[in-house]
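Subject: Structure for you to look at

Dear colleague,

I am handing over the structure we spoke about, and below it you will find my notes. Please read them with the model open beside you.

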Amino acid sequence: MIICDCHCDTLYNMQVRPGSPVDVTMDALKAGGVSLQTLAMYVGPGRKGDVEALMAGMLDKLQVLKNQGWKQIDDPSEAKDGEVAVMLSIEGCEPFDLGLDVIDTYRGYGVRMASITWNHENTLAYPAMGGTQNGLKPYGVEAIRRMQKLGIAADISHLNDRGVMDILDKMEKPPMASHSNCRALVNHPRNLSDDLLRNVFAAGGFVGVNFWPTIIGEPATIDHLVDHIAHMYDVGGEGKVGFGSDFDGIERKPEGLNGPADFPKLIEALRRRGFAESDVEDIAGRALVRYYDRIRV
């Protein structure tokens with residue numbers, strides 16, 4: 001079985017808090033049987049004047065990991081049971097402010113998904129946390145079309161509802177949400193409504209569930225996280241749901257999920273809930289591989 005995690009903020013922590021402990025380590029990934037860990041390059045709030053330097057620093061940290069033996073792959077289909085690999089993503093598309101050609105540059109670095117916004121407005125779109133009903137900006141439409149032509153998934157985690165619908169209406173390929181949960185279970189802007197989930201799944205999209213207790217619900221337990229997965233299946237998510245832990249990006253964790261080494265506990269919780277073994281394998285990682293098959297250029 002391959003286990004894929006669509007989101008963590010480890011590179012950012014390595015860059016801005018050098019020497020501090022991180023959740024995602026090679027030992028933890030091996031202990032948890034993780035085959036693919038997506039490493040997000042996150043810009044963060046108030047850093048617009050320092051985007052290029054921050055991104056360069058995180059790419060340098062990736063090289064440090066690779067020098068230590070970490071393996072970077074370009075597509076989830078390359079993930080293998082019993083081996084650990086990483087893939088790159090971007091959280092917040094501020095690096096693309098310099099022009100569409102920059103998207104090509106980051107694709108060359110191995111970036112395979114990019115969340116359109118974080119929690120603040122940018123040149124592409126508006127965040128879920130902002131409360132606006134505005135859709136994608138004109139540059140956002142151009143940038144996402146360029147991303148999709150290059151095989152970079154449009155990540156709707158943090159994007160507002162209207163922006164998500166614009167992607168579904170205006171783009172040729174379905175989006176993904178790397179780390180989002182169900183608004184029907186926890187009414188938080190960072191979660192996706194049932195209507196959005198149905199539309200994303202119907203289009204062939206994908207959602208990775210987030211381990212952040214605030215959007216799982218309190219008390220945040222493994223079983224409550226499984227509730228979100230089960231609900232996504234109820235609204236059309238069979239074969240289109242996976243994991244997006246947000247390790248190294250969340251200040252608290254669900255009970256029993258302290259890092260990648262604990263993924264087997266979540267796998268067992270799915271089995272206890274009654275998910276068929278084929279569904280467990282999909283949720284663990286196979287659904288992400290199939291999503292990338294659907295958006296292949």
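Where is the place of Tyr139? Please keep in mind, while you look for it, that this is a predicted model. Tyr139 has its place in helix 5, and at 19% relative accessibility the residue counts as buried, because the cut-off for buried is under 20%. Not counting residues up to four places away in sequence, Tyr139 touches Phe96, Gly99, Leu100, Thr123 and Leu124. The C-alpha atom of Tyr139 is separated by 8.5 Å from that of Ala125, a residue 14 residues apart from it along the chain.

One of those contacts, Leu100, leads on to the packing of two helices, since the residues of helix 4 that meet helix 5 are Leu100, Asp101, Ile103, Asp104 and Arg107, and their counterparts in helix 5 are Tyr139, Glu142, Ala143, Arg146, Met147 and Leu150. By type, the residues of this contact divide into six nonpolar and five charged, with no polar ones. Helix 4 (residues 100-108) and helix 5 (residues 138-150) pack with their axes 10 Å apart and at an angle of about 30°, which means that helix 4 is roughly parallel to helix 5, as angles under 35 degrees count as such. The crossing in which helix 4 passes helix 5 is right-handed.

A second helix pair is formed by helix 9 (residues 222-234) and helix 10 (residues 263-273), which pack at an angle of about 60° with their axes 10 Å apart, and here too helix 9 passes helix 10 in a right-handed crossing. On the side of helix 9, the residues in contact include Ile222, Leu225 and Val226, while those of helix 10 include Lys265, Leu266 and Ala269. The residues of this contact divide into eight nonpolar and five charged, again with no polar ones.

Turning to the strands, strand 3 (residues 85-91) is largely enclosed by the rest of the structure, because seven of its seven residues are buried. Ala85, Met87, Ser89 and Glu91 point one way from strand 3, whereas Val86, Leu88 and Ile90 point the other way. Strand 3 pairs in the parallel sense with strand 2 (residues 34-42) over seven bridges, where Leu36 has Ala85 as its bridge partner in strand 3. With strand 4 (residues 111-115), strand 3 pairs in the parallel sense over four bridges, and the bridge partner of Ile90 in strand 4 is Ala114.

With best wishes

Notes:
Residues numbered from 1 in each chain as written. Predicted model: local features only at pLDDT ≥ 70, side-chain atom pairs only at ≥ 80, totals over all residues. Heavy atoms only, no water. Axes fitted to C-alpha atoms, helices over the stretch in contact; angles between N-to-C directions. Parallel < 35°, antiparallel > 145°, perpendicular 65-115°, else oblique. Left-handed = near helix turned anticlockwise from the far one by under 90°. Contact = heavy atoms within 4.5 Å. Nonpolar A, V, L, I, M, F, W, Y, C, P; charged D, E, K, R; others polar. Buried < 20%, exposed > 50% of the residue type's maximum accessible area, 1.4 Å probe, protein only. Pairing = 2+ DSSP bridges.
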